[in-house]
Amino acid sequence: MFGPAFPSSPLFRLGVRYPIIQAPMAGTSTPALAAAVSNAGGLGSLGMGASTPAAARKAIEETKRLTDKPFNVNLFVHEKGVANATNEAEWLSFLRPVFAEYGAQPPEGVQEIYKTFKEDEEMLEVLLDTKPAVVSFHFGLPAEAIIRRLRENGAVLLGSATNLEEARRIEASGLDMIIAQGAEAGGHRGMFDPTIPDDELSTFALTTLLLKSSKLPIIPAGGIMDGAGILGYLTLGCPFVQMGTAFILTPESGADAGFRAALKGPGAEHTRLTPLISGRPARCLQNKWTDLATKLEGRVQPAYPMAYDAGKALHAAAKAKGEEGYGAHWAGQGAPAAREMGAGEMVRLLVQEIEEARDRIASNRSNL
């Protein structure tokens with residue numbers, strides 16, 4: 001139904017049946033979620049960018065026990081954070097009164113809480129050993145030698161771009177497909193260099209530009225919540241779309257009760273891009289963090305991911321007192337359209353909605 005129209009797509013050649021990729025949401029995607037999506041005919045994903053190699057190996061092996069279908073493993077390829085004792089001390093001082101509201105003190109310092117894949121040989125060995133069918137990168141690209149080793153190991157490789165220049169670099173590096181991450185998307189913006197102004201291109205604008213300028217298949221990501229939205233991008237010539245927020249309320253996701261409640265609450269109608277939680281711009285539900293932005297007053301945060309160390313500590317302190325508003329509730333602009341159902345059921349519903357949208361278009365044309 002879908003594959004023959006895009007015979008060159010390497011994911012269809014792997015046997016992925018439907019044009020749906022569940023986004024690799026670190027902290028929210030789980031082996032159960034990835035396996036359920038893959039078993040239903042989509043491409044499930046694990047977000048391993050914030051995981052240790054041991055945790056990544058465990059998650060990949062667990063997913064393989066739950067499905068014999070292809071799935072994606074995503075890694076963060078950010079530049080290593082540069083410590084700045086002055087900025088870090090000022091940031092913790094800025095957060096001190098907020099911690100005090102919950103009877104806690106900020107940490108004495110912040111640490112680089114996880115490695116970039118640029119320098120994680122142990123993580124590379126995990127990928128080479130476990131051989132996931134698909135590997136994707138966020139925030140940048142690994143070295144040419146790493147790309148070569150993964151390709152020789154049989155992996156289909158995807159890279160995330162937020163602008164034309166990043167897409168050109170992905171194509172030049174020899175990857176197989178480009179994820180076009182629009183500004184509507186939840187979670188961290190995938191800019192290779194966060195010090196350069198972000199054009200915040202929409203998913204539609206970025207996708208249409210890349211379809212004209214790149215020879216690689218383009219995967220739109222951001223704001224896509226139903227089958228009609230998927231069909232729109234298929235009609236443009238995209239073989240797949242990537243959807244994250246649409247899967248957060250599934251029982252298989254790792255979202256906790258606070259996150260689920262927030263996604264069903266009024267904050268879902270007002271997502272914001274903010275660097276406050278982690279040190280990099282990311283789209284989240286309106287919450288205590290986005291409210292805190294009004295008090296930033298030009299302060300310079302610690303580098304990513306050191307700032308995230310403080311953000312996680314504040315969330316833990318507030319949560320212990322019953323306040324969920326400092327969670328990293330990453331979600332896209334389509335958040336109000338999130339639906340509660342099993343992940344496999346979600347894939348099947350989306351496919352049904354694609355067909356229904358096709359039928360409506362055909363009916364409308366016949367009435368012209």
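**Overall form, cores and selected local features of the chain**

A compact globule of 368 residues would have a radius of gyration near 21 Å, and the value for the chain, 20 Å, agrees with this. The radius is taken over C-alpha atoms, and the globule rule is 2.2 Å times the number of residues to the power 0.38. The model is predicted: local features need pLDDT of at least 70, side-chain atom pairs count only at pLDDT 80 or more, and totals for chains, interfaces and linings use all residues. Residues are numbered from 1 along each chain as its sequence is written, and side-chain values use heavy atoms, with hydrogens and water left out.

Along the principal axes, the C-alpha atoms of the chain fill a box of roughly 65 × 50 × 40 Å. The chain contains 13 helices and eleven strands; these are DSSP runs numbered from the N terminus, with helices being H or I of at least four residues and strands being E of at least two. Of the 368 residues, 56% are buried. Here, buried means under 20% relative accessible area, exposed means over 50%, and partly exposed lies in between (1.4 Å probe, protein chains only). Among contacts with a separation of 6 or more, 67% are between residues 24 or more positions apart, where contact means heavy atoms within 4.5 Å.

The surface exposed by the chain amounts to about 15500 Å², of which carbon and sulfur atoms supply 50%. Accessible areas come from the Shrake-Rupley method with a 1.4 Å probe; for residues, only the protein chains shown count as cover. The chain carries 36 positive and 41 negative charges, and the mean positions of the two sets are 3 Å apart. In this count Lys and Arg are positive and Asp and Glu negative, while His and the chain ends are not counted. Each charge is placed at NZ of Lys, CZ of Arg, CG of Asp or CD of Glu.

The interior was examined through its nonpolar cores, each being a set of buried Ala, Val, Leu, Ile, Met, Phe, Trp, Tyr and Cys residues joined through side-chain atoms within 4.5 Å. The largest nonpolar core has 72 residues, and F117, L150 and F247 have the most contacts inside it. Helix α13 (residues 343-366) provides the largest share of this core, with seven residues. Another core, of 28 residues, lies apart from it and includes V98, V110, F139 and A317. When neighbours within four places in sequence are left aside, the contacts of F117 are L75, F76, V77, M123, L124, L127, F137, P142, I146 and L150.

Helix α2 (residues 31-39) is largely enclosed by the rest of the structure, because seven of its nine residues are buried. These buried residues are P31, L33, A34, A35, A36, V37 and S38. Their cover includes the strands β1 (20-22), β2 (44-47) and β3 (71-76), together with the helices α3 and α13. After α2 comes G41, with a positive phi near 110°.

Positive phi values also occur in residues other than glycine. K131 has a phi near 55° and is placed in the loop between α5 (121-130) and β4 (134-138). For F139, phi is about 80°; this residue belongs to the loop between β4 and α6 (144-152). F139 is buried, because its relative accessible area is 1%. A further backbone feature is the cis peptide bond that joins Y304 and P305, with omega about 0°. P305 is located in the loop between α11 (288-292) and α12 (306-320).

Three helical residues were considered for their surroundings. L14 lies in helix α1 (residues 10-14) and counts as partly exposed, because its relative accessibility is 32%. Residues up to four places away in sequence being set aside, L14 touches P70, A133, V134 and V156. L14 and P70 are 56 residues apart in sequence, with 7.0 Å between their C-alpha atoms. A55, in helix α3 (residues 53-66), is partly exposed at a relative accessible area of 36%. From A55 to M123 the C-alpha distance is 9.9 Å, and the two are 68 residues apart in sequence. G229 belongs to helix α9 (residues 227-236) and is partly exposed, with a relative accessible area of 23%. The C-alpha atoms of G229 and V241 are 9.2 Å apart, and the residues are separated by twelve places in sequence.
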